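Good morning, and thank you for coming. Please take a moment to look at the sequence and the structure before I begin.

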Amino acid sequence: MKALFNRRALLLYFILTYLISWLIWLPLVLAAQSWIDREFPPYLYALGYMGPMFAALAVTAVSQHMPGVKQLLSGL
C-alpha cells in the first residue's frame, strides 16, 4: 500500500510542479506573444522557477503532515 501511495504522491508532485509553474508563467508567455498588452514584473520568472519547491511542500504536507514538512525544511 505504501508503494502505491508513493507513486500517487510522485504523480501529484509532477502535476503540481507543472501546474504551479505554468500558472505563474502563463501571463508572461501571453505578453511575450503580444496576446495581451501588459507588462509584468521580472520577479515572476523566478517565482515560476520555484514551482517545484511549492509542489514539494504541498505534497509533503498532504502525505506526511507537519513532521514531514519539518524534515524537508531541516535540509535547507
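I shall speak about the overall form of the chain and then about its aromatic pairs.

This is a predicted model, in which local features need pLDDT of at least 70, side-chain atom pairs count only at pLDDT 80 or more, and totals for chains, interfaces and linings use all residues. Residues are numbered from 1 along each chain as its sequence is written, and side-chain values use heavy atoms, with hydrogens and water left out.

The protein chain has three helices and zero strands; helices (H or I, at least four residues) and strands (E, at least two) are DSSP runs, numbered from the N terminus. Its radius of gyration is 16 Å, well over the 11 Å that the globule rule gives for 76 residues, so the chain is more spread out than a compact globule. That radius is taken over C-alpha atoms, and the rule is 2.2 Å times the number of residues to the power 0.38.

Which rings pair? Rings of Phe, Tyr and Trp (its six-membered ring) pair if their centres lie within 6.5 Å; planes under 30 degrees apart count as stacked, over 60 as edge-to-face, and the rest as tilted. The count is three aromatic pairs. Tyr-13 and Phe-14 have ring centres 5.4 Å apart and planes at 70°, so they are edge-to-face. Trp-22 and Trp-25 are also edge-to-face, at 5.5 Å centre to centre and 85° between the planes. Both tryptophans lie in helix 1 (residues 2–32), three residues apart, and they form one aromatic cluster with Tyr-49.
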